[in-house]
Amino acid sequence: MEISITDAFYKDKQKALIALYRVVDPELFVNIVDLGLVYGIDFAREKSIEVTMTLSTPHCPMGEAITMGVRNVLSIEFPASKIEVKLVFDPKWDHWMMSEEGRRQLGI
Amino acid sequence: MPAINIGKAPKNNAVLPFYGTAAVFFLVLTGMLLVSPTALVGHYFQPHLLAMVHTAALGWGTMVIFGASYQLLPVICERDLYNTSIALLSYFLLTFGAVLLILSFWLFRTGMTMIGGGSLILIAALLYLVNVWKTAGSCKKYSVQRCFIISSAIWLVLTVSAGILLAVNLRYPFIPGNHLEILKLHAHAGLAGWFLQLIVGVSSKLVPMFLLGRSTREKWLPWAFWLQNAGLILFIGDGYLNGITSRVFLYEMLIAAGVVVWLLYLHDVYKNRVKKKIEFQMKYVFISTLALLISLLLIPAIYYGADHQWAIVYGVFVFLGWISAVILGMTFKTLPFIVWNERYKSMNGKVKIPMPKQLYKEHVLNWQFRYYIAALTLLALGVLLHLGIMIRTSGLIWAFVAALYCYNVMVVIFHKRRV
């Protein structure tokens, strides 16, 4: 996920993204940002953050742990905001969505 | 809110007892092998061997599969398990039923204890079928996996029902045909119906998930389903009406073709996987597959061989090779995640927490694998060559494997939260 420097919420989005690096997929041992699971972070609504993300597979047994991790890290960074996680499967996750670092960690 | 349902796994009290109890049954099974190694020499229809087979099939295999299915079905079908209470009830019925049945075989007390034990297991199988039907039945996606899982549960009910009739027949003979011929039909309904179809259905969903693999050959899986079921239905129908004849090879070929199609699909997933580093547990899957293929190759030897040892070697590869290998490995791909989800899920991202992989002792699992290979090889050779000392030695190694497995399972189940 890339954040434009001209984005009105650049600083907040950058802060949120750095926090999301702390959420690790317990099955793959790689953080969700490098895995390419985070599609977007929306600060448009006041006191609310909406993270649009996916899972490596729709029936991922660790899905709830991951979305809970997202809520947890963002609640720490933005205690006054309501955190919402929107799971989507379109586009479907694929390995090319991973960062170089994510690929390196998975040995691709 | 999430667009789909995730994390629908049932509470751990409907899952963990199955894993813990199965581990104890595995230990008991290896104890039986130590106490009565001569049961594996001679005819297969003898009390101690029947007790061992039912310990392996029900206390060990079915027990752990029930637990794993209750955990995985909601995940695969993206919906809640239909009923957690009847899942727990099936645990008690299966446990007590298996204990009664195994004891009655070991002591060869035909009659009410044996029939009663079988009846408890039948109720457990029916409750399992209800849970599977109600959970997977309304699942819109993954229709092939759903077919495999539902049909395996139906085959389990049929297998146990036939088993009860055989138990009744031992005390009050009423079956017009040969008891041993019907026993073969009962055994293969369990092996090719219950175990094979459940393993095929679950693995065709989980292996791509574990390996992050994709395959364009998923459309092959319905072929695997129809071939396996056609072969099995023809085998049972013909076997019941006309006895076991050389036509058994035709039916075996159909089932084997279904197995090969499934394995080709898994191979395609493996070839197209994203996760290049293969975890240690997948070695067990390789051994399990090899043991299944060896078992299939042994069938002509059982049919033509005058010696009963081929049938026992076949049983060794089926129960202690194919089924046990997949359980010994996959336990540590499922159980740590189940426990981790309960103990650490809510803390993810808040504080430093151990990962699921760190909940069990990896070096113990490595040793377990080495001893397992030694135990399986020695036992198969010992049975084949009629070498009592080899069977006895393998019994000791099996007991050690079971002890290592039990230890690791208990380490995970009784893991205390560390933060």
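Helix axes here are lines fitted to C-alpha atoms over the stretch in contact, and angles run from 0 to 180 degrees between N-to-C directions. Keep that in mind for the first stop of this tour through a predicted model.

**Stop 1: a helix pair in chain B**

Select residues 47-77 of chain B, which form helix 2, together with residues 84-106, which form helix 3. The two axes come within 8 Å and cross at roughly 170 degrees. Angles over 145 degrees count as roughly antiparallel, and helix 2 and helix 3 of chain B are therefore roughly antiparallel to each other.

Now show the side chains where the two helices touch. On helix 2 of chain B, the contact residues include Pro47(B), Leu50(B), His54(B), Leu58(B), Phe66(B) and Tyr70(B). Facing them from helix 3 of chain B are, among others, Ala87(B), Leu94(B), Ala98(B), Ile102(B) and Trp106(B). Colour this contact by residue class and you should find 14 nonpolar residues, 6 polar ones and no charged ones.

**Stop 2: chain B as a whole**

Zoom out and switch to a cartoon of chain B. What does its secondary structure come to? The answer is 12 helices and 0 strands, so reading along the sequence gives you α-α-α-α-α-α-α-α-α-α-α-α. The radius of gyration of chain B is 21 Å, close to the 22 Å that the globule rule gives for 419 residues, so chain B is as compact as a globular protein of that length. Its C-alpha atoms fill a box of roughly 65 × 45 × 40 Å along the principal axes.

Try colouring chain B by burial next: buried residues make up 51% of its 419 residues. If you draw the contacts in chain B with a separation of 6 or more, 79% of them join residues 24 or more positions apart.

**Stop 3: two loops with positive phi**

Most residues other than glycine have a negative phi. Chain B offers two exceptions to look at.

Centre on Phe108(B), in the loop between helix 3 and helix 4 (112-136) of chain B. Its phi is positive, about 45 degrees, although Phe108(B) is not a glycine. Is this residue buried, exposed or partly exposed? Phe108(B) is partly exposed, with 13 other C-beta atoms within 10 Å.

Then move to His386(B), which sits in the loop between helix 11 (362-384) and helix 12 (388-413) of chain B. Phi of His386(B) is near 60 degrees. His386(B) too is partly exposed, and 13 other C-beta atoms lie within 10 Å.

**Stop 4: the sheet of chain A**

Go over to chain A and select strands 3, 4 and 5. They make an open sheet with the order 3-4-5 and mixed pairing. Strand 3 and strand 5 of chain A are the edge strands, each pairing on one side only. Neighbouring strands of this sheet are turned by 15 degrees against each other on average, direction ignored.

Look first at strand 3 (residues 38-42) and strand 4 of chain A, which pair in the antiparallel sense over 4 bridges. Two partnerships to pick out are Asp42(A) with Glu50(A) and Ile41(A) with Val51(A). The hairpin of these strands has 5 residues between them, and Lys47(A) takes a positive phi near 55 degrees there.

On the other side of strand 4 of chain A is strand 5 (residues 82-87), paired in the parallel sense over 6 bridges. Val51(A) stands opposite Val85(A) in strand 5 of chain A.

Stay with strand 4 (residues 48-53) of chain A and turn on its side chains. Which of them are buried? Ile49(A), Val51(A) and Met53(A) point to one face and are buried, while Ser48(A), Glu50(A) and Thr52(A) point to the other face and are not. In a regular strand the side chains alternate between the two faces of the sheet.

**Stop 5: beside the sheet**

Add helix 2 of chain A to the view. This helix lies across strand 4 and strand 5 of chain A and runs at about 150 degrees to strand 5.

Next, find the loop between strand 5 and helix 3 (100-106) of chain A, where Pro91(A) has its place. A cis peptide bond joins Asp90(A) and Pro91(A), with omega at about 10 degrees.

**Stop 6: where the chains meet**

Finally, show both chains and select the residues in contact: 27 from chain A and 25 from chain B. Helix 2 (63-77) and strand 5 of chain A each supply at least two residues of the side that touches chain B. Which element gives the largest share of that side? Helix 2 of chain A does, with 8 residues. Coloured by class, the side of chain A that touches chain B divides into 15 nonpolar, 9 polar and 3 charged residues.

Technical notes
Residues numbered from 1 in each chain as written. Chains lettered and ligands numbered in written order. Predicted model: local features only at pLDDT ≥ 70, side-chain atom pairs only at ≥ 80, totals over all residues. Parallel < 35°, antiparallel > 145°, perpendicular 65-115°, else oblique. Contact = placed C-beta atoms within 7 Å. Nonpolar A, V, L, I, M, F, W, Y, C, P; charged D, E, K, R; others polar. Rg over C-alpha atoms; globule rule 2.2 N^0.38 Å. Buried ≥ 20, exposed ≤ 12 C-beta atoms within 10 Å, placed from the backbone. Pairing = 2+ DSSP bridges.
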